[in-house]
Amino acid sequence: MYAYKGYEKYKNEKLSDKASELAKLKDGQSPNTLFITCSDSRICPNEMTSTKEGELFVIRNAGNSIPHERSSQGNADAATLEYAVKVLGVKEIVVCGHSHCGAVNALLGGVDATELPVIASYLQHLNELKSLSLEKKLSPAESINENVRFQIANIKSYDFVQKAVDNGLKIYGWLYHIENGDVEVLED
Ligand SMILES: [Zn+2]
């Protein structure tokens, strides 16, 4: 079991040093940031933000997407967003897209719905982005940026987010370059 071997290494080398810190976490969590990023294995949210257990609330999926409020019913990521904002009261939300994103590339390139029916159906949520990319002849890199902006607009479609923004919640778009680790903070 590959993952468990890694856990054993962590346990032997690091866990004893963190025992008292971890014990405190049983009382609850109060993360500063909701970090929404892609499932891509080349992104390590805690490593790249120098955060540890309890500091980063994370949503990950293919293409770092959040559905618009109108299609949020029963959606796990929308529910997690609601929990982060209304229950945990996070102070900021970061939507972190990344270079060479397979989800955005699949959207632009098209997916064989017979081979990959679930992915094809999921990508329909991003059809607006596809239309914009075609219309404006955006490069894959530009489309990845636009995807971050679309997701921020979707996040802002929730009343509870609007209310939190009025009370100081900040929302940022990032573009992470997997080839060198650089982060670009996108302008509004
Ligand atoms: Zn990706």
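This is a short talk on a zinc site, three helix pairs and a handful of single residues in one protein chain.

Hi everyone, thanks for coming. One thing to keep in mind from the start: this is a predicted model.

Let me begin with the metal. Which protein atoms serve as donors of the zinc ion? They are SG of Cys38, NE2 of His98 and SG of Cys101, and they lie 2.0 to 2.3 Å from the ion. If you like to write such sites as a pattern, the spacing along the chain is C-x59-H-x2-C. The pair Cys38 and His98 links distant parts of the chain, with Cys38 in strand S1 (residues 33–38) and His98 in strand S3 (residues 92–98), 60 residues apart. Are those two buried or exposed? Both Cys38 and His98 are buried.

Staying with Cys38 for a moment, have a look at Asn61. Asn61 sits in strand S2, which covers residues 56–61. Leaving out residues up to four places away in sequence, Asn61 touches Cys38 along with Thr37, Ser39, Asp77 and Tyr122. Because its relative accessibility is 9%, Asn61 counts as buried; the cut-off for that is under 20%. For anyone who wants a longer ruler across the model, the C-alpha atoms of Asn61 and His177 are separated by 18 Å, and these residues are 116 apart along the chain.

Now to the helices, and I'd like to start with H8, residues 140–155. One of its partners is H5, residues 102–109. The axes of H5 and H8 come within 10 Å and cross at roughly 110°, so H5 is roughly perpendicular to H8. The crossing of H5 past H8 is right-handed. On the H5 side the contact residues are Val104, Asn105 and Leu108, and on the H8 side Pro140, Ser143, Ile144 and Asn147. Sorted by class, that contact of H5 with H8 has four nonpolar residues, three polar ones and no charged ones.

H8 also packs against H7, residues 127–135. Here the angle is about 140° and the axes are 10 Å apart, which means H7 is oblique to H8. This crossing, too, is right-handed, H7 passing H8. H7 brings Glu128, Leu129, Leu132 and Ser133 to the contact, while H8 brings Ser143, Glu146, Asn147 and Phe150. The class count for the contact of H7 with H8 is three nonpolar, three polar and two charged.

So which residue would I click on in this region? I'd pick Ser133, which is found in helix H7. Since its relative accessibility is 4%, Ser133 counts as buried. Beyond four places in sequence, Ser133 touches Leu108, Leu138 and Ser143. Leu108 is one of the H5 residues that meet H8, and Ser143 is among the H8 residues in the contact with H7. From C-alpha to C-alpha, Ser133 and Leu108 are 7.9 Å apart in space, with their positions 25 residues apart in sequence.

The third helix pair is H4 (76–87) with H9, residues 159–166. How do their axes cross? At roughly 30°, coming within 10 Å, and H4 passes H9 in a left-handed crossing. The contact consists of Leu81, Glu82, Val85 and Lys86 from H4, and Phe160, Val161 and Ala164 from H9. By class, the H4 contact with H9 holds five nonpolar residues, two charged and no polar.

Next, a bit of backbone for the torsion fans. Most residues other than glycine have a negative phi. Ser50 has a positive phi, near 50°, and Asn64 also has a positive one, near 40°. Where do they sit? Ser50 is in the loop between helix H3 (45–48) and S2, and Asn64 is in the loop between S2 and H4. Their surroundings read quite simply: Ser50 is exposed because its relative accessible area is 68%, and Asn64 is buried because its value is 1%.

Last stop, helix H1, residues 2–13, where we find Glu8. With a relative accessible area of 38%, Glu8 is partly exposed. Its C-alpha atom and that of Ile43 are separated by 22 Å, and the two residues are 35 apart along the chain.

That's my tour. Happy to take questions!

Key:
Residues are numbered from 1 along each chain as its sequence is written. This is a predicted model: local features need pLDDT of at least 70, side-chain atom pairs count only at pLDDT 80 or more; totals for chains, interfaces and linings use all residues. Side-chain values use heavy atoms; hydrogens and water are left out. Axes are lines fitted to C-alpha atoms, for helices over the stretch in contact, and angles run from 0 to 180 degrees between N-to-C directions. Helices (H or I, at least four residues) and strands (E, at least two) are DSSP runs, numbered from the N terminus. Angles under 35 degrees count as roughly parallel, over 145 as roughly antiparallel, 65 to 115 as roughly perpendicular and the rest as oblique. A crossing is left-handed if the near helix is turned anticlockwise from the far one by less than a right angle, and right-handed if clockwise. Contact means heavy atoms within 4.5 Å. Ala, Val, Leu, Ile, Met, Phe, Trp, Tyr, Cys and Pro count as nonpolar, Asp, Glu, Lys and Arg as charged, and the others, Gly among them, as polar. Donors are N, O and S atoms within 2.8 Å of the metal (3.2 Å for Na, K and Ca); water is not among the atoms, so sites may look incomplete. Buried means under 20% relative accessible area, exposed over 50%, partly exposed in between (1.4 Å probe, protein chains only).
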